[in-house]
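Hi,

Here is the structure I promised to pass on. Please open it first, then read my notes below with the model on your screen.

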Amino acid sequence: MSQAASSATPAAAASRAVIEARDLNLTFQTNDGPVHALSNVDLDVGKGEFVSFIGPSGCGKTTFLRVIADLEQPSSGAISVNGMTPQEARLARAYGYVFQAAALYPWRTIGGNIRLPLEIMGFSRAEQAARTARVLELVELAGFEKKFPWQLSGGMQQRASIARALAFDADILLMDEPFGALDEIVRDHLNEQLLKLWDETGKTICFVTHSIPEAVYLSTKIVVMSPRPGRITEIIDSPLPRERPLDIRETPEFLDVAHRVREGLRAGHSYD
Ligand SMILES: Nc1ncnc2c1ncn2[C@@H]1O[C@H](COP(=O)(O)OP(=O)(O)OP(=O)(O)O)[C@@H](O)[C@H]1O
């Protein structure tokens, strides 16, 4: 292990962290003055964890994901992704990114959309085909490869965009409110599928949501955030088992975690 890596990981538990943020700050300079999007953020995300970020609009959830993805530069503090800087991690294709809207190219088929990053990365045609088939299977869209995005429902399009993010087999999946625009029944189904996929692939997932039940149902760890300045107010480790049928949402254990999240949100909320 290099000196830098060993000094960045003082505790044995932290050495397994794939994302480590230490006293991270990000201030945007705007015409209306500085906006403190992230303030003193400290967080470890362990390998294989499912971490949800929840909090009111403007608390810095998206900004934090964008810092991990090297799309924003912190003003101060440190962050490492798979033991690398975000820039190194981006170049090493350490993560896949799923956006709120499916963001599929309408002129490409579903298969064509999934293959696009693989083409850019120079995979052989055979490898592209094999990977596309595998990820379509994972998101239960086998048989839809030749369809165009507009021929699929919103939920299916979002599954296709998850398949695209999975295609180059990154260890980390960054998901920014991927199911926010979908109705509840579809969302329930996608939540179940995502948990299954997480279980099968062992990926580390960072997931932004506004929904308390969604955060509690999916996560091993729930990060509660608050705005002005954007900061973490509470980190809740979920005691729920890994195996989670949808009706776990009616159990006292589930409702207890949901209550803790709600209290955390309330404590950090100002009503001005
Ligand atoms: N490029 C930017 N320039 C200036 N201010 C920005 C920029 N990006 C984000 N902000 C501001 O930083 C704060 C945090 O924004 P961010 O999008 O991370 O919040 P969020 O918690 O994801 O909100 P939402 O739930 O609405 O998506 C907000 O006040 C936002 O207006």
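Let's start at one small spot. Asp70 comes just after helix 2 and takes a positive phi of about 65°. Keep in mind that this is a predicted model.

Now step back to helix 2 itself. Is helix 2 mostly covered or mostly open? It is mostly covered, with 6 of its 8 residues buried. The buried ones are Lys61, Thr62, Phe64, Leu65, Val67 and Ile68.

Helix 2 also matters for the ligand shell. That shell has 13 residues. Phe28, Ala37, Ser57, Thr62 and Thr63 are the closest. Which elements supply at least two residues each? They are strand 1 (17-30), strand 2 (33-46) and helix 2 (61-68). Helix 2 gives the largest share, 3 residues. Sorted by class, the shell holds 8 polar, 4 nonpolar and 1 charged residues.

Move on to Ala69. It sits in the loop between helix 2 and strand 4 (76-81). Why does Ala69 count as buried? It has 20 C-beta neighbours inside 10 Å, and the cut-off for buried is 20 or more. Setting aside residues up to four places away in sequence, Ala69 touches Pro86, Arg90, Tyr95, Tyr97 and Leu174. For a sense of scale, take Ala69 and Ala130. They are 61 residues apart along the chain, and their C-alpha atoms are separated by 27 Å.

Glu177 is the next stop. Look for it in the loop between strand 6 (172-176) and helix 7 (184-201). Glu177 counts as buried because it has 20 C-beta neighbours inside 10 Å. Leaving out neighbours within four places in sequence, Glu177 is in contact with Gln100, Val208, Thr209 and His210. Ser76 is 101 residues away from Glu177 along the chain, and 26 Å separates their C-alpha atoms.

Next, the nonpolar core. In soluble globular proteins, nonpolar side chains tend to be buried together. Here the largest nonpolar core has 68 residues. Which members touch the most others? They are Ile68, Ala163, Leu174 and Cys206. Follow Cys206 on your screen. Apart from neighbours within four places in sequence, Cys206 is in contact with Val45, Val51, Phe53, Leu65, Ile68, Leu174 and Met175. Two names should look familiar: Leu65 and Ile68 are among the buried residues of helix 2. Leu174 is also one of the residues that Ala69 touches.

Finally, the whole chain. How many helices and strands does the protein chain have? It has 9 helices and 9 strands. Of its 272 residues, 40% count as buried. The C-alpha atoms fill a box of roughly 50 × 45 × 45 Å along the principal axes. The radius of gyration is 19 Å, which agrees with a compact globule, because a globule of 272 residues would have a value near 19 Å. Take the contacts with a separation of 6 or more: residues 24 or more positions apart account for 69% of them.

One record to add. An unreviewed UniProt entry places the feature "domain: ABC transporter" at residues 21-248. In the model, that span is 34% helix and 28% strand. Its end C-alpha atoms lie 32 Å apart.

Best wishes

Technical notes. Residues are numbered from 1 along each chain as its sequence is written. This is a predicted model: local features need pLDDT of at least 70, side-chain atom pairs count only at pLDDT 80 or more; totals for chains, interfaces and linings use all residues. A residue is near a molecule or strand if its C-beta atom, placed from the backbone, lies within 6 Å of it. Helices (H or I, at least four residues) and strands (E, at least two) are DSSP runs, numbered from the N terminus. Ala, Val, Leu, Ile, Met, Phe, Trp, Tyr, Cys and Pro count as nonpolar, Asp, Glu, Lys and Arg as charged, and the others, Gly among them, as polar. A nonpolar core is a set of buried Ala, Val, Leu, Ile, Met, Phe, Trp, Tyr and Cys residues joined through C-beta atoms within 7 Å. A residue is buried if 20 or more other C-beta atoms lie within 10 Å of its own, exposed if 12 or fewer, and partly exposed in between; C-beta atoms are placed from the backbone. Two residues are in contact if their C-beta atoms, placed from the backbone, lie within 7 Å. The radius of gyration is taken over C-alpha atoms; the globule rule is 2.2 Å times the number of residues to the power 0.38. UniProt positions are given in the numbering used here, feature names are shortened, and annotations may be inferred rather than shown by experiment.
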